[in-house]
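Reader: I have a model open and I'd like to learn how to read its strands, crossovers and pockets. Could you take me through them?

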Amino acid sequence: MSWTGYSRRIYRRGGEASDDQLAACRRGGLKYIDPRHVDGYNITAAAAGPPKPWHCKLDDAGVRVNMYGSPIGKIDLADDFKIDTDRLEHLGRLKDIFGASGVRIFSYYNKAGLDKAKWKQQSLDRLKRLRDLAGKLGLVLFHENESEIYGDHPDRVAEIAELRDGETFKLIYDFGNYLGTGVPPMDIWKMFRDRTDCFHFKDKQQDGQHVPIGRGDTQAEAILRDAHARGWRGPCVVEPHLTHSKAVVATGVHGTGDQSLASLSQADSFQVALQAAQDLITSIHAGK
């Protein structure tokens, strides 16, 4: 994907895939969405039934699914692994309906306090099994670095990156989630600039406040300029967290919304985030 196309494919990662959200996509000129919920059901819920009506709504709105915003891997190691395999198999059934194969995943909590070696071994074992199942289902897993799961610190994400095969297992680089690790952002980027397959546009300040991309302490602009110079291509998901919806709060989001935008609606604050992303990409593409 060229950077011209990249600027056109700034995806909104969804909470509830609703009429309001589709209206926000149309307002921002977006063509893709990463849904987490459809009609009150998590996108991975087998009990949700055939989502054909939402497929039609997306078609009518001119919006397609880029990647399923699944919670796979965002459970504890003590939880039954079948929870995640069932979720992944359900997404395999949705692939032909929504025409998308990408699945966002995580790498497991350790609430029982297992030592690092056991946490690593059990998490990587589950991820390998998910990768094998994804291959059989025709799906592609995208691991997101996330606070408090195994793959939060860049050193542990580097271990997970050994599973990356470019076909069924890929890596997401989330700017905001890496900030709390204490590792300088450019040092993290140097670790993953040859192993990043997707960006999450979520910027944050050191005090935990989320801000539009390029305005925080994650060095997002410098990283994106380097990615552009290196010919990087891939999807970018606008996930600003400038205001926290119920769906976002339910995920245990870290940090606060942008206090300067507190008076705006979620739809309006999202447009601020989207404009910041589009302006930044245009600037980088123009070499300014």
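Author: Let's go strand by strand, and then look at a pocket and a few single residues.

Author: Before that, the ground rules: this is a predicted model, so local features need pLDDT of at least 70 and side-chain atom pairs count only at pLDDT 80 or more, while totals for chains, interfaces and linings use all residues. Residues are numbered from 1 along each chain as its sequence is written, and side-chain values use heavy atoms, with hydrogens and water left out.

Reader: Fine. In which sense do strand 7 and strand 8 pair?

Author: First the terms: helices (H or I, at least four residues) and strands (E, at least two) are DSSP runs, numbered from the N terminus. Two strands pair if DSSP finds at least two bridges between them. Here strand 7 (residues 67-68) and strand 8 are parallel, with two bridges. Tyr68 has Val103 of strand 8 as its bridge partner. To get from strand 7 to strand 8, the chain passes through helix 4 (residues 82-98), and this β-α-β crossover is right-handed.

Reader: How do I judge that hand?

Author: Point the strands away from you: if the path from the first strand over the helix to the second runs clockwise, the crossover is right-handed.

Reader: Which way do the residues of strand 8 point?

Author: Strand 8 covers residues 102-105, with Gly102 and Arg104 on one side and Val103 and Ile105 on the other. All of them are buried, and buried means under 20% relative accessible area, with exposed over 50% and partly exposed in between (1.4 Å probe, protein chains only).

Reader: And what does strand 8 share with strand 9?

Author: Four bridges, again in the parallel sense, with strand 9 spanning residues 140-144. The chain gets from strand 8 to strand 9 by way of helix 5 (residues 116-137), in a right-handed β-α-β crossover. Along this pairing, Gly102 stands opposite Val140, and Arg104 has Phe142 as its bridge partner.

Reader: Is strand 9 buried or exposed?

Author: Five of its five residues are buried, so strand 9 is largely enclosed by the rest of the structure. Val140, Phe142 and Glu144 point one way, and Leu141 and His143 point the other.

Reader: Where does the chain go after strand 9?

Author: Through helix 6 (residues 154-160) to strand 10, and the three make a right-handed β-α-β unit. Strand 9 and strand 10 run parallel and are joined by four bridges. Phe142 has Lys170 as its bridge partner in strand 10, and Glu144 stands opposite Ile172.

Author: Strand 10 is mostly covered, with five of its six residues buried. On to strand 11 (residues 198-201): strand 10 pairs with it in the parallel sense over three bridges, and Ile172 stands opposite Cys198 there.

Reader: What does the side chain of Asp174 contact?

Author: A polar contact is a pair of N or O atoms within 3.5 Å; within protein, one must be able to donate a hydrogen and the other to accept it, and residues adjacent in sequence count only if both atoms are side-chain atoms. Asp174 sits in strand 10 (residues 169-174) and is buried at 0% relative accessibility. Its side chain makes a polar contact with the side chain of Lys202, at 3.3 Å.

Reader: Now the pocket. Which residues lie nearest the centre of the second largest one?

Author: A pocket is found on a 1 Å grid over the protein atoms alone: it is an open set of points where a 1.4 Å probe fits, with protein on both sides within 12 Å along at least five of seven lines, and lining residues have an atom within 4 Å of a point. This one is lined by 18 residues, and Asn66, Ser101, Gly102, Phe142 and Pro235 lie nearest its centre. Strand 6 (64-65) and strand 9 each supply at least two residues of the lining.

Reader: Any odd backbone angles to look at?

Author: Tyr108 has a phi near 80°, a positive value in a residue other than glycine. Tyr108 is in the loop between strand 8 and helix 5, and counts as buried at 0% relative accessibility. Glu148, in the loop between strand 9 and helix 6, also has a positive phi near 80°.
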